[in-house]
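Visitor: Could you take me through this structure slowly, and explain the reason behind each term you use?

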Amino acid sequence: QDRVLLVQEAKPECRGRWYLPAGRMEPGESIVAAMRREVKEETGLECEALTLLALEERGSAWIRFVFLARPTGGTLKTLEEADAESLQAVWWAGAPSALPLRALDILPLLDLAARYRRSPPHPPTLPQELPCTLLCLRLLVAFTNDPGNLWVLLGTEGTPHLPLVTCGTSPAESRGGFCLPLRRLLRDCLALDPSPRPLGLLGLQHQAGGPGGADGVCFNVLLSIPPSSPGAAPPKLCGPPAFCWWRVEDESLRGRILQRLSAAATVPI
């Protein structure tokens, strides 16, 4: 009904102001379970995650997962049920900017949700329950030229694989954003700094309390290296022969990657 679920904050520093349901994950908790728990605690409603809408990050020290979800049950919290989690929840039909908001950062997220409901730019994307020890980026680095040829960067050590970089291995990276480790890898293997265009998230994997207590996250990120000229070949690789450009010949796979590239059909980061 074109309404959005908002909560009135109970925290002393923003009491009485409005915001989307939000909160921190707890140790040993999956990403989706944390989202459902926070919605239940703050609004009284059960919900089902439909897709990730956006990934917001400031390096490994601060990552926020933004979901589009639908209600599946429960009872909307009223002022009589106010507690430390929230004062109340409402289905708001007007412009959220008309309310005293806790912060304006939710406004672009509401625009994303509205656009997704009208015309989904990417397929439904939810965390996959697969274990990961570290916080890392798996990179699908694509190069395409005007004739429509497509190459993908592969690591050649052992079984050919998509490049993988860890995040937060230094104080600068812990708060410097995902672009720092990404650029470090590309500078190590490309003769030039190509200034890649980050297009977004294809998917991610996380399993709470994985083997050995692992609680890392692997983000699968799609990047495009712009060509220097219409019919150019992929940039020359440098350094040790740890990487190669693999030309994608399979028409189905090539078409799927090109579609994601041309339509930016990924979860925005």
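**Reading a predicted model**

Guide: In this predicted model, strand 3 (residues 45–57) and strand 4 (residues 63–74) run antiparallel and are joined by 11 bridges.

Visitor: What makes strand 3 and strand 4 a pair?

Guide: Pairing requires at least two bridges between two strands, and 11 bridges join strand 3 to strand 4, so they count as paired. One of the bridges links Leu45 to its partner Gly74 in strand 4. The hairpin of these strands has five residues between them, and there Gly59 takes a positive phi near 85°.

Visitor: Why is Asn145 called buried?

Guide: The cut-off for buried is under 20% relative accessible area, and Asn145 has 8% relative accessibility, so Asn145 counts as buried. Asn145 lies in the loop between strand 6 (135–144) and strand 7 (150–155), and, leaving aside neighbours within four places in sequence, Asn145 is in contact with Trp151, Pro230, Gly231 and Ala232.

Visitor: What makes the approach of the Asn145 side chain to the backbone nitrogen of Asn149 a polar contact?

Guide: The side chain of Asn145 reaches that backbone nitrogen of Asn149 at 3.2 Å, and the limit for a polar contact is within 3.5 Å, so the distance satisfies the limit.

Visitor: How do you know that Glu42, in helix 1 (residues 31–43), has no salt bridge?

Guide: A salt bridge must lie within 4 Å, whereas the nearest side chain of opposite charge, Lys11, is 4.6 Å away from the buried Glu42, so no salt bridge is counted. Beyond residues up to four places away in sequence, Glu42 touches several others, among them Val7, Leu20, Lys77 and Glu85.

Note on methods. Residues are numbered from 1 along each chain as its sequence is written. This is a predicted model: local features need pLDDT of at least 70, side-chain atom pairs count only at pLDDT 80 or more; totals for chains, interfaces and linings use all residues. Side-chain values use heavy atoms; hydrogens and water are left out. Buried means under 20% relative accessible area, exposed over 50%, partly exposed in between (1.4 Å probe, protein chains only). Lys and Arg count as positive and Asp and Glu as negative; His and the chain ends are not counted. Contact means heavy atoms within 4.5 Å. Helices (H or I, at least four residues) and strands (E, at least two) are DSSP runs, numbered from the N terminus. A polar contact is a pair of N or O atoms within 3.5 Å; within protein, one must be able to donate a hydrogen and the other to accept it, and residues adjacent in sequence count only if both atoms are side-chain atoms.
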